[in-house]
Amino acid sequence: ALSQLVPTMAQSCSDSSYFPPDYPVDCAPPPPKAAPVPFTPYSGPVVDRKSAFTLTSKEVSRLQAAYQALRDLTESNPDDPRGWLHQAAVHCWYCGGGSDGQAGPEIHGSWYFLPWHRAFLYFHERILATLIDDPSFRLPYWDWDRWGLTPSRQMMPPPYSLGGQANSLFDALRGQSPSAQLPPRITGPLITQKVLTQTEYQTFGGGTGNAGQLELLPHNHVHVWSGTDGNTMPNCGTDMGVLATAARDPMFFAHHSNVDRFWDMWLAQSKSNQNPTDPTWSQQSWTFYDENATWVSIQVEDVIHTTHLGYRYDTLATTLPTKVA
Ligand code: C2O
């Protein structure tokens, strides 16, 4: 049964010898200098987010330059909230590391999963674009859902896995070799079908206290697979398999771009697939540092349309796989 395949990401790992010496304990952001300003929709052009497998070599270089600039910022100014380690800590802070009580509700295992991660990716994207002074920069997505159509894509996107430490997109704390194949039980047609055929947001994207199928199945599977050999627990000692460190792997953002793409794919499946209308959901807000290091407050309703955030997905595969392997 599918439920037996559902892995869970490690919330915490009891043996601290697994952890790198700089394992985050307190992930709080640098204290803001002013009260948060309300988010204003992105006013630049709407640009496609593309598959990480279809980037031109120029686009790969641009992506690498952007992450290099992000890593360099952490080196040159460790207190800049936009720098690499602070970016990674944003995820940690919101997923239970927010011990100062300011982070807000847990963003996993609930209906905040999709909008929170969309907002995080948006600010991350704007920061990268600003660092390389290229407003048209967009994050790529890792389309692990194309199982059976393009077998050569059933692996980590090569731009993220090749070249070792010299590649700013590489992360040494992964468990997989660059050529490892994603098994179909992780992201195959059965999984895509199970996710996209949910008729309620609550079972697709999460409810008030439950994770949706998108989070439970492909999302968690890909984290755990990326963090380990895909079969063994714990995931401790890798970045992607542990909530507190997952966003230290640049692949996190390509993975979540695809999770985010599934939100639009699900809405495109049918007019009756609808987002929640409850204001408890749509008016939930979070704060992020934006590309100018301004402390910004953003609400769920600000992120419902990707075009208000300056991007769309180049393809939404809305035809469900028919061949179930
Ligand atoms: Cu916030 Cu993929 O986990």
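**A three-stranded sheet, a kinked helix and two residues of positive phi**

In this predicted model, three strands form an open sheet in the order S1-S4-S3, and their pairing is mixed. Strand S1 (37-38) and S3 occupy the edges; each has a single partner strand, so one side of each is left without a neighbour in the sheet. Helix H4 (residues 113-131) packs on this sheet, where it touches S3 and S4. The direction of H4 makes an angle of about 20° with that of S3.

The pairing of S3 with strand S4 (residues 295-299) is antiparallel and extends over five bridges. Within this pair, Trp286 has Ile298 of S4 as its bridge partner, and Phe288 stands opposite Val296 in S4. Although S3 is an edge strand of the sheet, four of the five residues of this strand (residues 285-289) are buried, so S3 is largely enclosed by the rest of the structure.

S3 and S4 together form a hairpin, with five residues between the two strands. Ala293 lies in the loop that joins S3 to S4, and its phi is positive, near 65°, in a residue other than glycine. Most residues other than glycine have a negative phi. With 15 other C-beta atoms within 10 Å, Ala293 falls between the limits of 12 or fewer for an exposed residue and 20 or more for a buried one; Ala293 is therefore partly exposed.

A positive phi is also found at Asp133, where the value is near 55° in a residue that is likewise not glycine. Asp133 is located in the loop between H4 and helix H5 (158-161). Asp133 has 8 C-beta neighbours inside 10 Å and therefore counts as exposed, since the limit for that class is 12 or fewer.

Helix H9 (residues 213-227) comprises 15 residues. From its first C-alpha to its last, H9 reaches 20 Å, which is close to the 21 Å expected at 1.5 Å a residue. The helix nevertheless contains a kink of about 30°, centred on His219. As to its surroundings, 15 of the 15 residues of H9 are buried, so this helix is largely enclosed by the rest of the structure. Strand S3 is likewise largely enclosed, with four of its five residues buried.

Terms used:
Residues numbered from 1 in each chain as written. Predicted model: local features only at pLDDT ≥ 70, side-chain atom pairs only at ≥ 80, totals over all residues. Pairing = 2+ DSSP bridges. Contact = placed C-beta atoms within 7 Å. Axes fitted to C-alpha atoms, helices over the stretch in contact; angles between N-to-C directions. Expected span 1.5 Å × (residues − 1). Bend = angle between axes of the 7 residues up to and from the residue.
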